[in-house]
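I opened the notebook today for a look at some strands and a helix. Here is the model I had on screen.

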Amino acid sequence: MPFLTSPVLPPGTLARTPQPVLPTGDGLLLRPWRAGDAPAVHAAFQDPSLHQWHIRSCDSEEEAAGWIAQWRAAWEGEREVQWAVVDEATDVLRGRVALRQILLGDGVAEVAYWTVARARGRGVAARAATALSRWALEEIGFHRLELFHATANPASCRVAEKAGFALEGTKRSALLHRDGWHDMHFHARVRGD
């Protein structure tokens, strides 16, 4: 049965070119992950604060290297894209930002992020999410970007708001963490916002 509308973004929209480096314009770069980032990713996941809001752990640099290999390969699959957020001058890892749950035909993706402990409170996540959103919506042509975070995480709510994501509602008991089920705030940013 044919669709009555054309795809918002056709297959190959991302994969036809190499994954770009995206400057934030204020001292950060979003760049593709490198194999040499494994020690920094492993170190980031030793932070108890990261465990509080994320559902994965990283037990070794080898495990982090495996993640990075997957992240690097994901660009071609166009279902998920991950960037390292680094200091523009030093290339020191400050965090990660990603497009997940990409549906090119619908023009929709989910934005996700984390920051290393020493980068928190410096606007890193908001600056990275803003740069990624600008690229996805204005340059690539996505129609809608969504963002979810635990309602008990007000810092992540501030990131979403600073990056231009309007709060649309709460998904009750939506994600299982170590400490139980979390309600999740549901934010979105639409092309033209």
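These entries go through the strands, then the helix.

**Entry 1: the model.** I am working with a predicted model, so I keep that in mind throughout.

**Entry 2: β4.** I began with strand β4, residues 93-103, and looked up its burial. I found 8 of its 11 residues buried, so I noted the strand as mostly covered.

**Entry 3: β4 with β3.** Next I checked the pairing with strand β3, which covers residues 81-87. The two strands run antiparallel, with 6 bridges between them. I picked out one pair: G95 in β4 sits opposite V85. The hairpin they make has 5 residues between the strands, and there D91 shows a positive phi near 65°.

**Entry 4: β4 with β5.** I then turned to strand β5, residues 108-115. It is antiparallel to β4 as well, joined by 7 bridges. For R100 I looked up the bridge partner in β5 and got E110. This hairpin leaves 4 residues between its strands, and G107 in the turn has a positive phi of about 70°.

**Entry 5: α4.** How far does helix α4 reach from its first C-alpha to its last? I got 23 Å for the 17 residues from 124 to 140, close to the expected 24 Å. Burial came next: 12 of the 17 residues are buried, so α4 is largely enclosed by the rest of the structure. Among the buried ones I listed V124, L132, W135 and L137. Just after the helix I found G141, with a positive phi near 105°.

Conventions:
Residues numbered from 1 in each chain as written. Predicted model: local features only at pLDDT ≥ 70, side-chain atom pairs only at ≥ 80, totals over all residues. Heavy atoms only, no water. Buried < 20%, exposed > 50% of the residue type's maximum accessible area, 1.4 Å probe, protein only. Pairing = 2+ DSSP bridges. Expected span 1.5 Å × (residues − 1).
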